[in-house]
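Colleague: Please take me through this model, one question at a time.

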Amino acid sequence: MKTECIAEQVKLNGKIYPCTVSLTMDLVGGKWKAVILYHLKDGPKRYNELRKEMPSVTEMTLSLQLKQLEKDGLIRREVYGEKPPIKVIYSLTDFGKSFVPVLEAITKWGNQVVDDYGEFVQAP
């Protein structure tokens, strides 16, 4: 029997999922969550650093995705200072770091797809 099929459902943080794949996709799925985690895998970054590395994400989307990743325990948000301009730094938690091997596998697979079927191009 597959591990994800030991029970009819799985539960994390009070939320019920039909399987572990569903749980995983809830935590890191969507267009930007894995990308954000990828950009944090090599070390902490400020909000504006993330924005520069992901120019096509809107500020609202980035902000919402960062909040969700923090709520789910994958990233840590540290605030320095009490009055504007405050310094906010995002970093991976130990839980978030446990996803890095998956990010590396996704990156490797994506590179192979481009090598086999596409092409790498420079931004205009």
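**Charges and core**

Colleague: What is the relative accessible area of Lys41?

Modeller: Buried means under 20% relative accessible area, exposed over 50%, and partly exposed in between (1.4 Å probe, protein chains only). Lys41 counts as partly exposed, because its relative accessible area is 23%.

Colleague: What kind of model is this, and which atoms do side-chain values use?

Modeller: This is a predicted model, where local features need pLDDT of at least 70 and side-chain atom pairs 80 or more, while totals for chains, interfaces and linings use all residues. Residues are numbered from 1 along each chain as its sequence is written, hydrogens and water are left out, and side-chain values use heavy atoms.

Colleague: Which residue forms a salt bridge with Lys41?

Modeller: A salt bridge puts a side-chain nitrogen of Lys or Arg within 4 Å of a carboxyl oxygen of Asp or Glu. Here the N to O distance is 3.6 Å. The partner is exposed, at 69% relative accessibility. That partner is Asp42.

Colleague: How far apart in sequence are Lys15 and Asp26?

Modeller: These two form a salt bridge, with closest N and O atoms 2.9 Å apart. Lys15 is in strand S2 and Asp26 in helix H1; the separation is 11 residues.

Colleague: How many residues are in the largest nonpolar core?

Modeller: Such a core joins buried Ala, Val, Leu, Ile, Met, Phe, Trp, Tyr and Cys residues through side-chain atoms within 4.5 Å. Ile36, Leu37 and Ile75 have the most contacts inside it. The residue count is 23.

Note on methods
Helices (H or I, at least four residues) and strands (E, at least two) are DSSP runs, numbered from the N terminus.
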